[in-house]
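Thanks for coming, everyone. I'd like to walk you through a structure that is new to this group. Please bring it up on your screens.

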Amino acid sequence: LQRQGFFQLGVEVYGGALLAPWFDRDLSLAGRVTYRRDGKVESQLIDFEHPIAVIPNLAIHLNREANSGWAINPQNELPPILAQLADPEAADFRALITEQLARQHDFSADAVLDYELSFYDTQNAAVIGLNGDFIAGARLDNLLSCYAGLQALLAAPDEESCVLVCNDHEEVGSSSACGADGPMLEQVLRRVLPEGDAFVRTIQRSLLVSADNAHAVHPNYADRHDENHGPKLNAGPVIKINSNQRYATNSETAGFFRHLCLENEVPVQSFVTRSDMGCGSTIGPITASQLGVRTVDIGLPTFAMHSIRELAGSHDLAHLVKVLTAFYASAELP
Ligand SMILES: [Zn+2]
């Protein structure tokens, strides 16, 4: 893409993103590239790492409406600028990818066949706030739960069989080969339990803790929550409840999780969305209906979900790791 002498890339929005925070950020690009090398088709991950692109805002002088509600058109307004080129022929994206492959993996591809790349903010995650109360970073939804789940799995005892599944594509509906609405988890479990009805028996005796972030009460927008069910930052994991099964929690699974928290001195809270507002969802109900496994939907309270930089409570992570570790170690399920 070339406009006004600038080398730009056309982009597509992934999932339900907050678009405004993407402006004026130092962006880099990473993802998977498929290429041909010595007659074979291969794939590799690449990451440019340093900031190679930016989406500059329009000055307030040229857009007096900017602060009073400005609809962002992704097609026209989001293409990032990569370079200012004297020679229009120099804008060759495949050549750029070939160079990055060579730089990073030390070979030269014969041809770049295809790629799936995403822009991201190069600013590192940080613990911030006067007293270090907050974690700020990209994709806390839902890498925060993946990280806590992995820490808990690594600490799990050998006596009980434990499974951690981290699905891709939750943000776009989960219908994919590796998404929660695909067959991956069931196929893996059936290969572990191929004999007779062992698979069904195991599912019936199991419990799934589906962990994905929740919305904390924001002090500037407190009316967006039910006044009795607004999760607080740094007050522990949240049990998510929705009678229309946007969350798979029921009283039995919620009771078990609450008990587990109390036993392990982990604070716990609950979330029900305002009854006059739509409710988010997660992979809990999808996995529950695919496998028939009892499920509790939980997650850590956060601010700015789906912003380029999200915010969580720095004390909450330890709470989640502690209760998930206890979950993997617990032989007594309801
Ligand atoms: Zn999300």
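What spacing do the donors of the zinc ion follow along the chain? The pattern is D-x29-E-x134-H. One caution before we go on: this is a predicted model.

Let's stay at the zinc ion. Its coordination comes from Asp141 through OD, Glu171 through OE, listed twice, and His306 through NE2. The distances run from 2.0 to 2.7 Å. Now look at the angles. Among the four donor atoms they span 52 to 143°. That makes the site irregular. A regular label was within reach only under strict limits: four donors count as tetrahedral if all angles lie between 85 and 135 degrees.

Where do two of these donors sit in the chain? Aspartate 141 is in helix α3, residues 140–154. Histidine 306 is in the loop between β14, 301–303, and β15, 310–313. They are 165 residues apart, so this pair links distant parts of the chain. Is aspartate 141 buried or exposed? Aspartate 141 is buried, because its relative accessible area is 10%, and the cut-off for buried is under 20%.

Next, the overall layout. The domain assignment gives two pieces: domain 1 covers 2–121, and domain 2 covers 126–329. Their centres, taken over C-alpha atoms, are separated by 32 Å. The contact takes 11 residues from domain 1 and 10 residues from domain 2.

Now the sheets. Keep one general point in mind. Strands of a sheet pair through backbone hydrogen bonds, either parallel or antiparallel.

Start with the sheet of five strands. The order is β7-β8-β15-β14-β10. It is an open sheet, and the pairing is mixed. At the edges stand β7, 126–128, and β10, 214–215. Each has a single partner strand, so one side of each is left without a neighbour in the sheet. How is β7 joined to β8? Through three bridges, with the strands running antiparallel. Strand β8 covers residues 134–137. For one of the pairs, take isoleucine 128: its bridge partner in β8 is phenylalanine 134. Helix α3 packs on this sheet and touches β8 and β15. The direction of α3 makes about 35° with that of β15. Remember that α3 is the helix that holds aspartate 141.

On to the sheet of four strands. Here the order is β9-β13-β11-β12. Again it is open, with mixed pairing. The edge strands are β9, 207–211, and β12, 269–271, and each pairs on one side only. From one strand to the next, the twist averages 35°.

Which helix packs on this sheet? That is α6, residues 251–263. Helix α6 touches β9, β11, β12 and β13. Its direction makes about 55° with that of β13, which covers 294–299.

Two pairings to look at here. First pairing: β11, residues 238–240, is joined to β12 by three bridges, and the two run parallel. Lysine 240 has phenylalanine 271 as its bridge partner in β12. Second pairing: β9 is joined to β13 by five bridges, also parallel. Valine 209 stands opposite valine 296 in β13. Why do we call β9 largely enclosed by the rest of the structure? Because four of its five residues are buried.

Finally, three single residues.

Serine 174 is in the loop between α3 and α4, 184–192. Serine 174 is buried, with a relative accessible area of 2%. Beyond its neighbours within four places in sequence, serine 174 is in contact with several residues, including His169, Asp181 and Ile283.

Isoleucine 203 lies in helix α5, residues 198–205. Isoleucine 203 is buried too, at 7% relative accessible area. Not counting residues up to four places away in sequence, it touches Leu189, Leu291, Gly292 and Val293.

Last, alanine 109. Alanine 109 lies in the loop between α2, 93–105, and β6, 111–121. Its relative accessible area is 11%, so alanine 109 is buried. How many residues separate alanine 109 from arginine 37 in sequence? The answer is 72, yet in space they are 5.1 Å apart, C-alpha to C-alpha. Leaving aside neighbours within four places in sequence, alanine 109 is in contact with Tyr35, Arg36, Thr98 and Leu101.

That's the tour. Thank you.

Key:
Residues are numbered from 1 along each chain as its sequence is written. This is a predicted model: local features need pLDDT of at least 70, side-chain atom pairs count only at pLDDT 80 or more; totals for chains, interfaces and linings use all residues. Side-chain values use heavy atoms; hydrogens and water are left out. Donors are N, O and S atoms within 2.8 Å of the metal (3.2 Å for Na, K and Ca); water is not among the atoms, so sites may look incomplete. Four donors count as tetrahedral if all angles lie between 85 and 135 degrees; four count as square planar and six as octahedral if opposite donors are over 155 degrees apart and all others between 65 and 115; anything else is irregular. Buried means under 20% relative accessible area, exposed over 50%, partly exposed in between (1.4 Å probe, protein chains only). Two strands pair if DSSP finds at least two bridges between them. Axes are lines fitted to C-alpha atoms, for helices over the stretch in contact, and angles run from 0 to 180 degrees between N-to-C directions. Contact means heavy atoms within 4.5 Å. Domain bounds come from an automatic or database domain assignment.
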